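Biologist: I am new to this structure. Can you show me how to read a helix and its surroundings?

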Amino acid sequence: MPNGILVIDKPADWTSHDVVGKVRRLLHERRVGHAGTLDPMATGVLPVFVGRATRAVEFAMEGEKEYVAGLRLGVVTDTQDITGTVLEERPLFDMHQAVDQVLERFRGELLQVPPMYSALKVKGQKLYELARKGVEVERKPRPVTIHRLELVEQESPRDFVLRVRCSKGTYVRTLCHDIGQALGCGGTMYSLRRTAACGYTERDAISLDTLAQAAEEGTAERFLLPVDSLFSAYPALTVDARREKAARNGAAFPQQGAEGTYRVYGPGGDFLLLGQLHKGQLSTIKSFFEV
């Protein structure tokens, strides 16, 4: 059975759920999930977890993500991107210097109000379902971190390309909207491409067409990355057979070393688990060995 992580270059006009369904059909595997939902208009890096690797999805949600976003000034929409209804349009003067200067205000820790057109739930209802009915509810600001924000280029008098590296939970279209508000002319997002997520980049990504061709040839599994690649930031620890047996039984075992989180491997090189070493005992955070 296929097990591992596919890094898919999501095409425009596909939902993340559409991609998961396509992978299920191509690999004939029911256990498929994804990390970090992309809106249909967005393209780029979408990590898809297959088989036993789906146990790692919860860890993939925590990492930073990077995007290249198109900001259109002088336009405000109800969805904060160009798929929505235009609410305002304003004339513009030369904005390049103003954009470059205002970005400093949006670097670091921010409080961001989630957009109404989002999948967040209020009293059991998704915000976008309420928004489609013309209902707007109060949303509490949420803390996010913008680790990197830079102006890449100006494509037209209205259109600016930004590179954004941010924490989980950041809405880039809301960032574009808020930058427009700060400039006093309004703004909306006209394009979005995710260039990095979960430690994977565009260089790791394949298209659905490439995967489909490989599936037809019976070679699709060659694109599956091992699940331990998700944890490459943690040091590796190889244990002996006795400790491997304890780990497979779910028991903590004595282990020397610096306290922290480790990728734990058996003597044969099999990735066993993500573990926590504390006070000389190594315990399982999550196991990934075949049972």
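**Reading a helix pair**

Modeller: Begin with contacts. This is a predicted model. On the H1 side, Val19, Lys22, Val23 and Leu26 meet Leu208, Leu211, Ala212 and Ala215 of H6. By class, this contact of H1 with H6 has seven nonpolar residues, one charged and no polar.

Biologist: At what angle do helix H1 and helix H6 pack?

Modeller: The angle is about 15°, and the axes lie 10 Å apart. H1 covers residues 16–27, and H6 covers residues 208–217. Angles under 35 degrees count as roughly parallel, so H1 is roughly parallel to H6.

Biologist: Is the crossing left-handed or right-handed?

Modeller: H1 passes H6 in a left-handed crossing.

Biologist: Now the sides of one helix. Which residues in H6 are buried?

Modeller: First, the general idea. An α-helix has 3.6 residues a turn, so residues three or four places apart point the same way. Now the case here. Leu208, Leu211 and Ala214 are buried in H6. Their arc around the axis is only 125°, so they sit on the same side of H6.

Biologist: What covers the buried residues of H6?

Modeller: The cover includes H1 and strand E1, residues 4–10.

Biologist: Which exposed residues does the face turned away from the buried side of H6 carry?

Modeller: That face carries Asp209 and Glu216, both exposed.

Biologist: Last, the end of the helix. Which residue follows H6?

Modeller: Gly218 follows H6. Look at its backbone: the phi of Gly218 is positive, near 80°.

Notes. Residues are numbered from 1 along each chain as its sequence is written. This is a predicted model: local features need pLDDT of at least 70, side-chain atom pairs count only at pLDDT 80 or more; totals for chains, interfaces and linings use all residues. Side-chain values use heavy atoms; hydrogens and water are left out. Axes are lines fitted to C-alpha atoms, for helices over the stretch in contact, and angles run from 0 to 180 degrees between N-to-C directions. Helices (H or I, at least four residues) and strands (E, at least two) are DSSP runs, numbered from the N terminus. Angles under 35 degrees count as roughly parallel, over 145 as roughly antiparallel, 65 to 115 as roughly perpendicular and the rest as oblique. A crossing is left-handed if the near helix is turned anticlockwise from the far one by less than a right angle, and right-handed if clockwise. Contact means heavy atoms within 4.5 Å. Ala, Val, Leu, Ile, Met, Phe, Trp, Tyr, Cys and Pro count as nonpolar, Asp, Glu, Lys and Arg as charged, and the others, Gly among them, as polar. Buried means under 20% relative accessible area, exposed over 50%, partly exposed in between (1.4 Å probe, protein chains only). The arc is that of the directions from the helix axis to the C-beta atoms.
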